[in-house]
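I opened this entry to record how the interior of the model is assembled and how its helices pack. The model is a predicted one.

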Amino acid sequence: MPFRSQFSRRLLLSGLLAALPLTACTTVGPDYHGAPLLPTGQQLVRATTPATFPLVQPAQWWLSLHDAELDRLLARAMQDSPDLAAAQARLRQSRAGLAQQQANTRPKSAASAVGLALDMGPGTDSAQSLRFYNLGLDASWEVDLFGGNRRAVEAATAQAGQAQARLADAQVSLLADVVQAYAQLRLRQHEVQVRTQLLQLDENLLQLVQQRRSAGVIGDMELASQRSHLLDSQRALQDARQTLTEALDQLALLCGQPSGALDAELATVGEIPAVPAEVAVGDVASLLRQRPDIRSAERQLVASTARIGQRKAGYFPKLTLLGDIGLGATSASKLLSRSSSMLLAAPYISWDWLDFGRTGAAVEQAEAERDEADANYRSAVLHALQDANQSLSRYAHERDTLLKQQALLASASQQAQLMAQRRQAGVADQSQLIDARRNVLTATLAEQDSRAALLQAFATLHKSLGLGWQADAG
């Protein structure tokens, strides 16, 4: 074996033996020991609101509404929403970045082919000619002495987790938005129906007023007032139709469809889904586990903590093992012979000790980013608790409001029935019966509005608990 080959192999072996104990060195920088604890006494103070109980709701909470059309719209939104597609793309980017960072911890290699020709002083006494040919495989490996690369992988892993949490957060928001838009759609459909009936009653009442005016029973003032009332009803119906169109467009947008794409599918008037009699809410611990925005903030805290160690590794020297395995000869015909084999290896140490404070500034910046992430996490938790409490309070309020509106509607319906009996008996006139029926329709509008508000509060409540996200497909 040529002497140079023996020397290179010994040098490589010495470098590896010297690097082995160094690779077991401690990793610089702070370790992450978990998210900060909540302030003492923080809890869901309204978790015992009537009609709720502290259990964990199934992830697909909308199935408790038992509305097949809504289920189809939600499935379409989850599949076609461009906002979700963007979040999924960001997740793939983050995972690719993690794979790249992991690859940086492994040896790097490249194939090479070199043909060198050097002629010195042709035509003179000092003329020399040099030929050298080489085929080889170059390799290098940075030994992670102080854990800078390990911290980089740790940060990249946390960033991938953050991207996944943000995708889940986008799913939670989209599901709640679709349910709320669906409630608005059904409400506006019923409003158009009811206001059409109100307009018909006002037209009938105008005819009666005109007849009474012709008979001289009433004056022009009453006739003008009824005409003004009719114009108000026409305007209200026109506004309701416009709002219905806007609700259809909003649903189409959330489902990733152009305006008007859902008009035919949703043309049939459907009922506003009724919420279940009891709604499950979680305690603080489950809230922290479920809300994707809190998980996102916590992953950001992990990443920023890891970057401190990544930056601190810049204080210390770096060891890189360099090597080349291949064939080398001064003649192309001898390149493939056994004697042309060669092995070159050498450890390379670099240390940027005179960096004029660049590493220190980078460490200080990373520590400030960690402190910011810590504050953002605490803020996210506090906002989540506030959001959940307010959602519980709003849900209870809307449920009570609906019960009152239903009682008012029942009372108006009973009065209309009594008025119809009196009219049939000749005790009341037609205008009084029309007024009673108007009161029923007005109470119906209020009751339908309360139903929609309760459904929207139901969706907001589940959004505040972070429920509804699904495992991504990557």
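**Nonpolar cores and one helix pair**

I looked up the largest nonpolar core first and found 57 residues in it, with Val 178 and Leu 251 having the most contacts inside it. I then listed the elements that contribute two or more residues to this core: helices H2 (68-80), H3 (82-103), H4 (148-214), H5 (220-254), H8 (358-424) and H9 (430-464). H4 supplies the largest share, 16 residues.

I next examined the surroundings of Val 178. Leaving aside residues up to four places away in sequence, Val 178 touches Leu 70, Leu 73, Leu 74, Ala 77, Leu 251 and Leu 254. I also noted a second, separate core of nine residues, among them Ala 412, Ala 416, Leu 433 and Val 440.

I turned to the pair H2 and H4. Their axes come within 10 Å and cross at roughly 140°. Angles over 145 degrees would count as roughly antiparallel; H2 and H4 are therefore oblique to each other. I recorded the crossing of H2 past H4 as right-handed.

I listed the residues that make this contact. H2 contributes Glu 69, Leu 70, Leu 73, Leu 74, Ala 77 and Met 78. H4 contributes Gln 171, Leu 174, Leu 175, Val 178, Val 179, Tyr 182 and Arg 186. By class, I found 10 nonpolar residues, one polar and two charged in the contact of H2 with H4.

As background, I noted that nonpolar side chains tend to be buried together in soluble globular proteins.

Technical notes
Residues numbered from 1 in each chain as written. Predicted model: local features only at pLDDT ≥ 70, side-chain atom pairs only at ≥ 80, totals over all residues. Heavy atoms only, no water. Core = buried A, V, L, I, M, F, W, Y, C linked by side-chain atoms within 4.5 Å. Buried < 20%, exposed > 50% of the residue type's maximum accessible area, 1.4 Å probe, protein only. Helix = DSSP H or I, 4+ residues; strand = E, 2+ residues; numbered from the N terminus. Contact = heavy atoms within 4.5 Å. Axes fitted to C-alpha atoms, helices over the stretch in contact; angles between N-to-C directions. Parallel < 35°, antiparallel > 145°, perpendicular 65-115°, else oblique. Left-handed = near helix turned anticlockwise from the far one by under 90°. Nonpolar A, V, L, I, M, F, W, Y, C, P; charged D, E, K, R; others polar.
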